[in-house]
Amino acid sequence: MAEAHQAVAFQFTVTPDGIDLQLCHEALRQIYLSGLHSWKKRFVRFKNGVMTGVYPGSPSGLLVVLTGYISATKYAKIDPSLGLFTKLSTHLPVSKYITVEGQRIAGGVLVGTGLWVAVIFVMRNVRRCLLSWHGWMFGRHGSLSFKTKVWLVLVKLLSGRNPMLYSFQSSLPRLPVPPIKDTVRRYLDSARPLMEDEQFQRMEGLAKDFEKNLGPRLQWYLKLKSWWASNYVSDWWEEYIYLRGRSPIMVNSNYYAMDFLYAFPTHLQAARAGNAIHSLMIYRRKLDRAQIKPLMVLNTIPMCSSQYERMFNTSRVPGVEEDILQHVNESKHIAVYHKGRIYKVWMFYDGRLLLPREIEQQMERILADKSEPQPGEELLPALTAGDRVPWAKARSQFFSKGKNKQSLDAVEKAAFFVTLDDSEQRYEADNPVQSLDSYGKSLLHGKCYDRWFDKSFNLIVYKNGTMGLNAEHSWADAPVIGHLWEHVLSSDPVQLGYSEDGHCKGSLHPNMPGPQRLQWDIPEECQTVINNSLTVAKTLADDVDMHIFPFNKFGKGLIKKCKTSPDAFIQITLQLAHFRDKGKFCLTYEASMTRLFREGRTETVRSCTIQTCDFVRAMMNDNITKDEKLKLFKVAAEKHQDMYRLAMTGSGIDRHLFCLYLVSKYLGEDSAFLKEVLSEPWRLSTSQTPLQQVELFDLKRHPEFVTSGGGFGPVADDGYGVSYIVLGEDLINFHISSKHSSLETDSHRFGSYIKQALLDILDLFQFDNKVNNK
């Protein structure tokens, strides 16, 4: 309707007396305000680009340098231009245009500015060298060495004040390429507990042959790329792991984030959507203005922010061989799905962002619409849930022109996608297991046709006011979307709030145009493709065995008293639980971040180590004392922490081998070693969801505001996917996924083993009398 409203801004009628021009002043006003908003946004981006470009310098710093330099040269009676204009005067008649005093001032400004730029250049490079040192991470847990303290002070001094989101990007070091010898050694160490002696000896021979012959040649090309590119891994990782995948991204790639576990701010679906959408748009505005603070380790060491760039206005576009990520700089609308209809909803009116109550008003209009879906419209999003090739061909054949192209553009260029789900989901205290499992499955795949899985993220708001996110994975990793979700959850019930009757605060808008219903013309041939995609998606979704449970017997508070990393504690617990579940060890994937480097994404921590296996076997042996088991646990935990540190600091195993494999393919070389390594299945895939903005949640005063975290689908057909989030001092939420079709897995059974393993390991410390009973 907004487009129709603007379309009548100019009306004219041809009469015998000439052209009768009619102007709609309100529409012209809206056009003017819209243009003003766009130009303001461009100016802010330009200003932010300048501020980021000169950081850690600033305009005030330039003024100080210029004033100091000109004053010092005047006091010392030195030519501030350092003879620049004297040399120019021999070639150009400078004195005809600029007075002597003007030459002094202009020369002082030029030389002073050069000095300021040189200082910034030196500060950036020194800081990059400092950030390339990671010895601080390998110190004793809980304490900082004198060397680390001095290093932190130097980093702090060179980091400037009030950094914006992208201020540190140019100062971050590049991801280093580890020596092949080290990577091969670490790989063999990780593979040893998973192989029999004969199998391991064979693999050791392949590894040594690769290290001696083909490896150095591949390494040379990889080092050349690392010198030329910002990051030698990330672009290949995005392309080959995500965008070239031809199987459904629903379940296999997309992941989800849940609402509060115990709090239900309002029962009104439209109201919850109003606050959430407004909060998301506020976050986008802060993102556009680079006002989000960059994440800092120890409040000093910056992490890469490049993944934030494609959070909004982004959609994955299918291709026959490879998908692409389509990102537009500006989008003023969102796309909303409800009961088979898709709407375009403008987020701006009168030159400003809609307020929560006004967005709720728009959602109420959609909910009140009783019109039926157009032929093929209800199931249309199923194309994004099925295989990529049929969707790519259908998009090219049926959505490349006319109203279908226009409507598809409205969806793909929307800021994000919203689903007003007609089902009810939430945690129920009297039915905790089934309610959470159903909630998780709904966020992961829904009905397979009511989410646009290609969008950077979908906001799902249920009929009873509960909500959640479903996020596409190729553009960024879970901590980035988690940062956004923390902002939404923290601002929803407290900062924005609701009235006593559950509505958003504020008043309705009397003149605001309503949502625009998108129009489609979907032929029967296309509807057949849609139905086929839905069949594939439903088969995949029905096979997901999801189990979510909050573990509240103890949390990180008690684990830290054991002088153990909570992550190491949980990872070793998962190994014990898996062995009890399947009676064997398996290759285990734990995601760690490499955002200490420019454009860093993730690395793999192979958490099934020799030391962990020794501990698990000891736990299965009743003849071994608890004291001996405790010693083995501490050794395993220290090994895990060391592996995690190496992964974070660029010395991991899998990304290096992955890139070497790609280089070998580009060169037409076959490597039996690389082929076998990259074909090994990850039967236990794990990830921790970090709570990054702890200051936003006062869980001591408001324990009801704990989130459920998020999860993902199983990576292997016969394996488990496990996501966990450590909240407060006494709660750990687990999300377990597997497949019903596998005879080896059962998510609920595995969950029971995890609970028991947590208690059994804690019992070792209680027996050691180092931790008081809770």
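The points below comment on a predicted model, taking its sheets, a hairpin and a few individual residues in turn.

1. The eight-stranded sheet. Eight strands make up an open sheet with mixed pairing, and their order is S15-S9-S8-S12-S13-S14-S3-S20. The edges are occupied by strand S15 (516–517) and strand S20 (710–712); each has a single partner strand, so one side of each is left without a neighbour in the sheet.

2. Pairing of S13 with S14. Within this sheet, strand S13 (residues 457–461) and strand S14 (residues 467–471) run antiparallel and are joined by five bridges. One position may serve to check the register: Asn 458 has Asn 470 of S14 as its bridge partner.

3. Helices on the eight-stranded sheet. Helix H16 (residues 432–445) packs on the sheet and touches strand S3 (255–258), S13, S14 and S20. The direction of H16 makes about 130° with that of S3. Helix H13 (residues 356–368), for its part, lies across S8, S9 and strand S12 (417–420). The angle at which H13 runs to S9 is about 160°.

4. The six-stranded sheet. A further open sheet, also of mixed pairing, contains six strands in the order S16-S22-S21-S19-S17-S18. Strand S16 (544–551) and strand S18 (602–605) are the edge strands, each pairing on one side only. From one strand to the next, the twist averages 20°.

5. Pairing and packing in the six-stranded sheet. Edge strand S16 pairs with strand S22 (residues 731–739) in the antiparallel sense, over eight bridges. In this pair His 547 stands opposite Ile 736 of S22. Helix H22 (residues 626–648) packs on the sheet, where it touches strand S17 (588–593) and S18. The directions of H22 and S17 make an angle of about 50°.

6. The S6–S7 hairpin. Strands S6 and S7 form a hairpin, with six residues between them. The two strands, S6 (residues 314–317) and S7 (residues 324–327), run antiparallel and are joined by four bridges. Thr 314 is placed opposite His 327 of S7.

7. Backbone at Leu 298 and Lys 339. Most residues other than glycine have a negative phi. Which phi does Leu 298 have, although it is not a glycine? The value is positive, at about 55°. Leu 298 is located in the loop between strand S4 (296–297) and strand S5 (301–302). With 43% relative accessibility, Leu 298 counts as partly exposed, because that class lies between the limits of 20% and 50%. Lys 339 likewise is not a glycine and has a positive phi, here of about 50°. Lys 339 belongs to the loop between strand S8 (333–338) and strand S9 (341–346). S8 and S9 stand side by side in the strand order of the eight-stranded sheet.

8. The surroundings of Val 663. This residue is part of helix H23 (residues 654–666). Is Val 663 buried or exposed? Its relative accessible area is 5%, and Val 663 is therefore buried, the limit being under 20%. Apart from neighbours within four places in sequence, the residues in contact with Val 663 are Leu 218, Tyr 221, Leu 222 and Trp 236. For Leu 218, the C-alpha to C-alpha distance to Val 663 is 6.2 Å, while the separation in sequence is 445 residues.

Technical notes: Residues numbered from 1 in each chain as written. Predicted model: local features only at pLDDT ≥ 70, side-chain atom pairs only at ≥ 80, totals over all residues. Heavy atoms only, no water. Buried < 20%, exposed > 50% of the residue type's maximum accessible area, 1.4 Å probe, protein only. Contact = heavy atoms within 4.5 Å. Pairing = 2+ DSSP bridges. Axes fitted to C-alpha atoms, helices over the stretch in contact; angles between N-to-C directions.
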